[in-house]
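Here are some exercises to work through with the sequence and the model side by side. Try each task before reading its solution.

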Amino acid sequence: MTEFGDEAGADLAPLRAVADALLYEGYQLHPCRESSPRNVARRQSGVLAPRPWVERDGPVAAVVAGSVESWRQQTECVVEAREGDDVTLRARIRFLQAQGKSVEQRGPGGRYTGVESLDVGGTRHLSFDEAVPHEADLVVPFGELVEDGFTAGIGAPSGEETSSLGAVGRVVRRRWPLEAVARLRAEPVEGQDGVYRLRVRIENTNTTIGPGASRAVALRQALIATHTLLGGRGLRFVSLLKPPEWARRPVAACQNIHTFPVLAGPYGSREHLLSAPIPLYDYPRTTPCSGGDRRDATEPLPA
């Protein structure tokens with residue numbers, strides 16, 4: 001039976017801190033200062049926007065670079081799978097959803113007007129874009145991936161919340177719906193028993209944002225900083241950067257689009273993979289001096 005829920009979390013939890021530091025660093029989650037320039041205007045990797053807008057000038061090249069705005073992201077890797085019915089793939093797909101924070105000042109008659117900033121009780125409240133993190137956990141029997149493949153919706157709903165700033169104003173936070181799917185499949189490598197090429201493809205399926213929309217509008221319904229964590233039971237992943245001799249040919253056949261997978265977790269292990277839209281070595285880690293969960297000064301270091 002295919003499961004879609006929280007079971008993948010425990011297996012992939014050790015990778016979460018690394019992924020946060022690498023991909024959510026600087027985005028509006030836990031900023032040092034709301035007025036910081038990096039929080040006001042920023043360029044983000046792993047952006048999967050609506051396809052009609054992305055292809056307004058023609059198809060986007062299927063390259064590894066994750067800084068290219070696209071409508072899809074594809075991870076392909078080589079994995080060894082032992083025999084048995086309990087072999088399971090665990091995938092955690094993570095992304096940010098844009099959230100507009102609007103500060104509104106109350107005027108005559110109780111009418112509210114949007115403003116760039118508002119001082120209330122010695123605190124300055126600013127209007128700017130934030131982001132809300134989302135995770136989709138997939139737990140799929142490996143045999144199902146080989147036989148039929150697996151597809152799941154991984155979008156996020158719209159939403160709006162209002163908080164009062166007393167008699168002088170309010171803060172309104174708005175989110176727009178995200179429409180996306182994840183498609184997973186495994187194909188046997190010819191001539192090598194127990195070896196498979198695994199594919200995880202993420203697509204933005206929104207068709208309502210047309211080619212004439214502004215970038216700001218398109219990003220409202222885009223998956224941002226999209227990345228994938230992979231683990232499982234009875235699976236061992238192969239390094240795409242330093243594959244063993246027997247795996248060189250299937251590794252060369254892998255096509256990664258706007259992301260690239262590397263081995264993750266303790267050095268030398270092969271139980272986890274991190275597919276990120278930025279260049280990494282195998283076994284990325286955060287610097288030991290980066291404490292806390294502020295996602296600041298947490299740069300990756302090679303093992």
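The exercises below concern a predicted model, and each comes with a worked solution.

**Exercise 1. The open sheet**

Work out the strand order of the five-stranded open sheet, and find which strands stand at its edges.

*Solution.* Begin with the order, which reads β8-β11-β12-β2-β14, with antiparallel pairing. Next, look at the two ends: β8 (150-153) and β14 (235-237) each have a single partner strand, so one side of each is left without a neighbour in the sheet. Finally, follow the twist, which averages 30° from one strand to the next.

**Exercise 2. One strand pair in detail**

Take strands β2 and β12: over how many bridges do they pair?

*Solution.* Locate the partners first: β2 covers residues 72-81 and β12 covers residues 195-204. The two run antiparallel and pair over nine bridges. To check the register, find Arg-72, which stands opposite Glu-203 in β12. Now turn to the side chains of this pair of strands. Arg-197 and Glu-76 meet in a salt bridge, at 3.9 Å from N to O. Arg-197 belongs to β12 and Glu-76 to β2, so this contact ties together parts that are 121 residues apart in sequence. Glu-76 has a relative accessibility of 4% and therefore counts as buried.

**Exercise 3. Two more salt bridges and a network**

Find the salt-bridge partners of Arg-174 and Glu-187, and say whether each of the four residues is buried, partly exposed or exposed.

*Solution.* Start with the total, which comes to 21 salt bridges.

- Arg-174 pairs with Glu-104, and their closest N and O atoms are 3.7 Å apart. Arg-174 lies in β10 (residues 169-175) and Glu-104 in β3 (residues 88-106), so distant parts of the chain, 70 residues apart, are linked.
- For burial, compare each value with the cut-offs: under 20% is buried and over 50% is exposed. Arg-174, at 29%, is partly exposed, whereas Glu-104, at 8%, is buried.
- Glu-187 pairs with Arg-199, with 3.4 Å between the closest N and O atoms. Glu-187 is in β11 (residues 180-188) and Arg-199 in β12, so the contact ties together parts twelve residues apart in sequence.
- Both residues are partly exposed: Glu-187 has a relative accessible area of 27%, and Arg-199 one of 22%.

As a last step, look for shared partners: salt bridges join Arg-16, Asp-20, Arg-92, Arg-94, Glu-135 and Asp-137 into one network.

**Exercise 4. Cysteines**

How many disulfides does a search of the whole structure find?

*Solution.* The search finds zero. To see why for Cys-77, apply the cut-off of 2.5 Å between cysteine sulfur atoms. The nearest cysteine sulfur to that of Cys-77 belongs to Cys-254, 6.6 Å away. Seen from Cys-254, the nearest is in turn that of Cys-77. Cys-77 is buried at 1% relative accessibility, and Cys-254 is also buried, at 13%.

**Exercise 5. Positive phi angles**

Where do Ala-225 and His-258 lie, and are they buried or exposed?

*Solution.* Check the backbone first. Ala-225 has a positive phi of about 55° although it is not a glycine, and His-258 has a positive phi near 60°. Then place them: Ala-225 sits in strand β13 (residues 223-233), while His-258 is in the loop between α6 (248-252) and β15 (260-264). Last, read off the accessibility: Ala-225 is buried at 0%, and His-258 is buried at 2%.

Note on methods
Residues numbered from 1 in each chain as written. Predicted model: local features only at pLDDT ≥ 70, side-chain atom pairs only at ≥ 80, totals over all residues. Heavy atoms only, no water. Pairing = 2+ DSSP bridges. Helix = DSSP H or I, 4+ residues; strand = E, 2+ residues; numbered from the N terminus. Axes fitted to C-alpha atoms, helices over the stretch in contact; angles between N-to-C directions. Buried < 20%, exposed > 50% of the residue type's maximum accessible area, 1.4 Å probe, protein only. Salt bridge = Lys/Arg side-chain N within 4 Å of Asp/Glu carboxyl O.
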